[in-house]
Amino acid sequence: MVDPDYATRFSDFAVPSARAQARKIALSLLAETRLRTRAYRELLQTPRVHFLYLHYVFQDEEAGFESLLEWLGDNNHTLLSYSDAVKRAESGEIDRPYVCFSFDDGVDNCLKAAAILKAHGAFACFFLNGCNLEEEHVIKPMLYTYRQPGRKPARYLSLGEVEQLKNAGHEIGGHTYHHLNLAEASDDEIDQDLQRNRAFLEPRFGPLHHFAWPFGRFSCFSQAARRRVLQAGYTSIASAERGIHRTPGGPGLCILRDNIVAAWPLSHARYLMAQSVARASTAPPSWEDLPA
Ligand SMILES: [Zn+2]
């Protein structure tokens with residue numbers, strides 16, 4: 001039942017290496033050092049729309065996720081729904097630090113993450129692939145567990161669970177039907193896949209407005225794919241490229257998102273968010289970074 005190549009072919013992750021572990025230790029030291037300076041801490045008070053995205057919150061990560069939400073609340077950040085965050089990023093109505101959460105792929109522990117968010121008055125957007133919600137694709141025990149072998153295997157959300165997310169006030173977005181690398185797909189394949197995901201999700205969960213492309217890098221998207229996503233009726237398009245929004249991006253802007261892992265020490269999340277603020281240019285992000 002388990003497809004051993006699944007993680008390699010479809011996952012947004014790679015298996016952690018010794019180098020990744022060393023990088024994590026270095027990041028901890030750097031984060032602690034930098035965050036001791038007032039100037040660095042003040043970066044996080046910059047008015048902006050900061051899109052944060054995760055894939056999962058395992059049980060052993062729930063306390064970390066709660067700490068991040070508490071820290072944001074205690075430090076002047078207003079949590080926005082995805083639609084409200086997109087509106088502010090488009091219009092530039094950005095008078096304080098705003099944060100918005102989204103989740104890609106839709107594994108089962110998103111349900112608990114959604115409940116934690118709601119307890120903090122926050123709502124997320126869940127970017128889903130129709131193929132993972134179909135019954136025969138539900139169980140993928142290898143996926144999302146290989147980073148922490150002791151964890152209970154995750155599976156994808158069931159249709160009933162997505163319904164619960166929707167009924168709790170969260171939003172559902174498109175992430176392609178097959179978790180396609182859109183830079184490698186033909187125009188026809190892209191059109192058919194987008195149409196299939198919409199035909200699968202919309203009758204169940206209502207109109208889809210928001211799209212996040214799989215793998216999230218500019219190298220996995222293209223100008224042609226962007227045109228087809230817009231033609232398919234999506235009004236927002238998100239990457240997984242790091243960054244923030246602090247000037248008017250206009251309709252259909254390229255949304256930048258910072259990846260967060262709830263198991264990280266809080267200092268990592270704060271440091272990476274501050275880095276995104278420090279590196280942000282005053283110009284809105286441009287689609288010109290995409291391959292043709
Ligand atoms: Zn994905």
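In this predicted model, helix α8, which covers residues 159–167, packs against helix α9, which covers residues 187–205, at an angle of about 55 degrees, and the axes of the two helices are 11 Å apart. An angle between 35 and 65 degrees falls outside the ranges for roughly parallel and roughly perpendicular, and α8 and α9 are therefore oblique to each other. The crossing of these two helices, α8 and α9, is right-handed. On the side of α8, the residues that meet the partner helix are L159, V162, E163 and K166, while α9 contributes F200, R204 and F205. Sorted by class, this contact of α8 with α9 holds 4 nonpolar and 3 charged residues, with no polar ones.

Helix α9 also holds N197, and this residue leads the reader from the helix to other parts of the chain. N197 has a relative accessibility of 0%, and because buried means under 20%, N197 counts as buried. If its neighbours within four places in sequence are left aside, N197 is in contact with L128, N129, G130, G174, H175, T176 and Y177.

Two of the residues just named, L128 and G174, also belong to a pairing of strands. Strand β4, made of residues 124–128, pairs with strand β5 in the parallel sense, and the pairing runs over 4 bridges. Within it, L128 stands opposite G174 in β5. Which residues of β5 lie on one side of the strand, and which on the other? Strand β5 spans residues 171–174, with E171 and G173 on one side and I172 and G174 on the other; these residues are all buried, and both faces of the strand are covered.

The loop between β5 and α9 contains T176, another of the residues in contact with N197. The backbone of T176 deserves a careful look, since T176 has a positive phi of about 75 degrees although it is not a glycine. Is T176 buried or exposed? With a relative accessible area of 1%, T176 is buried.

A second residue with this backbone feature is found elsewhere in the chain. N76 is not a glycine, and yet N76 has a positive phi of about 75 degrees. Its place is in the loop between α4, residues 62–74, and β2, residues 78–79. The relative accessibility of N76 is 38%, and N76 therefore counts as partly exposed.

Further along the chain, helix α11, which covers residues 266–279, contains R270. Although arginine is placed in the charged class, R270 is buried here, with a relative accessible area of 17%. Apart from its neighbours within four places in sequence, R270 is in contact with L35, R41, L44 and W71. How far apart are R270 and A31 in sequence and in space? They are separated by 239 residues in sequence, but from C-alpha to C-alpha they are 7.9 Å apart in space.

These details can now be set against the whole chain. The chain has 11 helices and 9 strands, and buried residues make up 51% of its 292 residues. Among the contacts between residues at least 6 apart in sequence, 76% join residues at least 24 apart.

Key:
Residues numbered from 1 in each chain as written. Predicted model: local features only at pLDDT ≥ 70, side-chain atom pairs only at ≥ 80, totals over all residues. Heavy atoms only, no water. Axes fitted to C-alpha atoms, helices over the stretch in contact; angles between N-to-C directions. Parallel < 35°, antiparallel > 145°, perpendicular 65-115°, else oblique. Left-handed = near helix turned anticlockwise from the far one by under 90°. Contact = heavy atoms within 4.5 Å. Buried < 20%, exposed > 50% of the residue type's maximum accessible area, 1.4 Å probe, protein only. Pairing = 2+ DSSP bridges.
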